[in-house]
Amino acid sequence: MSSRGACRWSAIARCLPGRTDNEIKNYWRTHFKKARPSRRARAQLLHQYQLQQQEQRRQYLQSLQLLQQQQQQQQEMLLQQQNQQQLVVKQQQLEQQSPPESDHQAVMAMMDSLQSTAECYCSPVSPMMSVPVPEQCCALPADDDAMLWDSLWRLVDGEGCGDGDGSSGGEY
């Protein structure tokens, strides 16, 4: 290698009159070669650059993850709001479709008044008798809903309280 290097310095010295190949070699090694970092310095710079890149990548991923969490929370909040709005709309629709409570209360009041009287007007014992049947025969259940349904079935079936024959007046 020394013969190749010597040849290189002497080739440069031929182009520069008044300079020897040794002067050119010394000048090169003091000025230009020092400007280029050594392998170790280059490795250190590369390692620092890689660490910086890794840190930047880590920060980017953290900010991306935080952004995704915020978006997910916003979507969950929107879904909750939509669900609440749907519930309110369904409740309003049910309130509009359901019969008013006053009708139910009126029917219950009528049933109470029928129960409080001493006579039951469910149906007479026979078509020829228009005498009301005593209340013991038509005792209504204590439960409001059961009482309502029981009285309605008696009206529909046409069963008399004192018939005893179980005929409903019609075949189903």
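Which helix does leucine 64 lie in? That would be helix α3, spanning residues 39–97. Keep in mind that this is a predicted model, so a word on confidence comes before the details.

Averaged over the chain, the pLDDT is 74, and 62% of the residues score at least 70. Helix α3 is where confidence is highest, at a mean of 92, while strand β1 (residues 119–120) sits at the bottom with 48. Residues 124–131 have a pLDDT below 50, and in the model that stretch has five contacts beyond near neighbours in sequence.

Back to leucine 64. Together with Tyr60, Leu61 and Leu67, Leu64 forms a nonpolar patch on the surface, and the four share about 380 Å² of accessible area. Leucine 64 counts as partly exposed because its relative accessibility, 31%, falls between the 20% limit for buried and the 50% limit for exposed.

Now for the charged side chains. The salt bridge count comes to one, and the partners are arginine 58 and glutamate 55, whose side chains meet at 2.3 Å, N to O. Why are these two separated by about one helical turn? Because they are three residues apart in helix α3. As a general point, side chains of opposite charge can pair when their charged atoms come close.

Here is how the residues discussed above compare on accessibility:

| Residue | Relative accessibility | Class |
|---|---|---|
| Leucine 64 | 31% | partly exposed |
| Arginine 58 | 39% | partly exposed |
| Glutamate 55 | 31% | partly exposed |

So both salt bridge partners, arginine 58 and glutamate 55, count as partly exposed.

Key:
Residues numbered from 1 in each chain as written. Predicted model: local features only at pLDDT ≥ 70, side-chain atom pairs only at ≥ 80, totals over all residues. Heavy atoms only, no water. Patch = residues over 30% accessible without salt bridge, like charges linked within 9 Å, V, L, I, M, F, W, Y side chains within 5 Å. Areas by Shrake-Rupley, 256 points an atom, 1.4 Å probe, with all protein chains shown as cover. Helix = DSSP H or I, 4+ residues; strand = E, 2+ residues; numbered from the N terminus. Buried < 20%, exposed > 50% of the residue type's maximum accessible area, 1.4 Å probe, protein only. pLDDT = per-residue confidence, 0-100. Contact = heavy atoms within 4.5 Å.
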